[in-house]
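Work through the exercises below with the structure open. Each task is followed by a solution in steps.

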Amino acid sequence: MRIKSGTNFVEEGTKPSEVFFLLSGCVEQLKSGKFYANGAMFGETDIIFNRDRLDTYVTRMDCHILKLNRELFEQIMDEFDDIREDIETVAEQREQSRLD
């Protein structure tokens with residue numbers, strides 16, 4: 001999907017239903033001030049930890065984003081152990097960074 005610069009496309013407090021892959025552009029996680037660039041995956045931690053979104057995401061330039069719905073993301077995690085391990089490692093690191 002293409003999202004114009006300045007668009008809030010994930011809102012804090014909502015139920016997570018997608019994981020995002022940034023194909024091009026720049027996205028900011030507002031509360032944490034973290035920026036994501038081309039190739040980044042984000043939104044997975046809220047699904048993995050089964051919680052509402054902890055932050056709002058806003059595009060800082062026009063973006064192309066691939067989104068996987070929760071069901072497909074969970075299916076991939078169930079079917080591919082190596083991918084699950086890598087994504088869980090990233091999610092755990094992000095969670096620890098958030099708590100520090």
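**Exercise 1. A residue and its surroundings**

Task: In this predicted model, which residues does phenylalanine 20 touch, not counting residues up to four places away in sequence?

Solution. Step 1: Collect the contacts. Phenylalanine 20 touches Met1, Phe9, Val10, Ala40, Met41, Phe42, Arg53, Ile65, Leu66 and Lys67, with residues up to four places away in sequence left out.
Step 2: Look for bridge partners. In β8 the partner of phenylalanine 20 is lysine 67, and in β6 the partner is phenylalanine 42.
Step 3: Place the residue in a core. Phe20 belongs to the largest nonpolar core, whose twelve residues also include Phe9, Val10, Ala40, Phe42 and Ile65.

**Exercise 2. The nonpolar cores**

Task: Which residues make up the largest nonpolar core, and which strands each supply at least two of them?

Solution. Step 1: List the members. The twelve residues are Ile3, Phe9, Val10, Phe20, Leu22, Val27, Tyr36, Ala40, Phe42, Tyr57, Cys63 and Ile65.
Step 2: Assign them to strands. At least two residues of this core come from each of β2, β3 (18-24) and β8 (63-69).
Step 3: Check for another core. There is a second, separate core of six residues, among them Val19, Met41, Ile47 and Ile87.

**Exercise 3. The sheet that contains β3**

Task: What is the strand order in the open sheet that contains β3, and which strands lie at its edges?

Solution. Step 1: Read off the order. The four strands follow the order β1-β8-β3-β6, and the pairing is antiparallel.
Step 2: Find the edges. β1 (2-3) and β6 (41-42) are the edge strands, each paired on one side only.
Step 3: Count the bridges of β3. Six bridges join β3 to β8, and two join β3 to β6.
Step 4: Take one facing pair. Phenylalanine 21 is opposite methionine 41 of β6.
Step 5: Add the helix. α2 packs on this sheet and touches β3 and β8, with its direction at about 70 degrees to that of β8.

**Exercise 4. The sheet that contains β2**

Task: Where does β2 lie in its four-stranded open sheet, and what is the strand order?

Solution. Step 1: Give the order. It is β2-β7-β4-β5, with antiparallel pairing.
Step 2: Identify the edges. β2 (8-10) and β5 (34-36) are the edge strands, since each pairs on one side only.
Step 3: Note the angle. On average, neighbouring strands of this sheet are turned by 30 degrees against each other, direction ignored.
Step 4: Examine one pairing. β2 and β7 (residues 57-59) run antiparallel and are joined by two bridges; valine 10 has tyrosine 57 of β7 as its bridge partner.

**Exercise 5. Helices α2 and α3**

Task: How do the axes of α2 and α3 cross, and which residues make the contact?

Solution. Step 1: Take the geometry. The axes of α2 (residues 70-79) and α3 (residues 81-99) come within 5 Å and cross at roughly 115 degrees.
Step 2: Classify the angle. α2 is therefore roughly perpendicular to α3.
Step 3: Name the contact residues. α2 contributes Phe73, Ile76, Met77, Asp78 and Glu79, and α3 contributes Asp81, Ile83, Arg84, Ile87 and Glu88.
Step 4: Sort them. Five are nonpolar, five are charged and none is polar.

**Exercise 6. Leucine 72**

Task: In which helix is leucine 72 found, and how does its accessibility class follow from the relative value?

Solution. Step 1: Locate the residue. Leucine 72 is in helix α2.
Step 2: Apply the cut-offs. Under 20% is buried and over 50% is exposed; leucine 72 counts as partly exposed because its relative accessibility is 34%.
Step 3: Compare sequence and space. Leucine 72 and isoleucine 48 are 24 residues apart in sequence, and their C-alpha atoms are 13 Å apart.

Technical notes: Residues are numbered from 1 along each chain as its sequence is written. This is a predicted model: local features need pLDDT of at least 70, side-chain atom pairs count only at pLDDT 80 or more; totals for chains, interfaces and linings use all residues. Side-chain values use heavy atoms; hydrogens and water are left out. Two strands pair if DSSP finds at least two bridges between them. Axes are lines fitted to C-alpha atoms, for helices over the stretch in contact, and angles run from 0 to 180 degrees between N-to-C directions. Angles under 35 degrees count as roughly parallel, over 145 as roughly antiparallel, 65 to 115 as roughly perpendicular and the rest as oblique. Contact means heavy atoms within 4.5 Å. Ala, Val, Leu, Ile, Met, Phe, Trp, Tyr, Cys and Pro count as nonpolar, Asp, Glu, Lys and Arg as charged, and the others, Gly among them, as polar. A nonpolar core is a set of buried Ala, Val, Leu, Ile, Met, Phe, Trp, Tyr and Cys residues joined through side-chain atoms within 4.5 Å. Buried means under 20% relative accessible area, exposed over 50%, partly exposed in between (1.4 Å probe, protein chains only).
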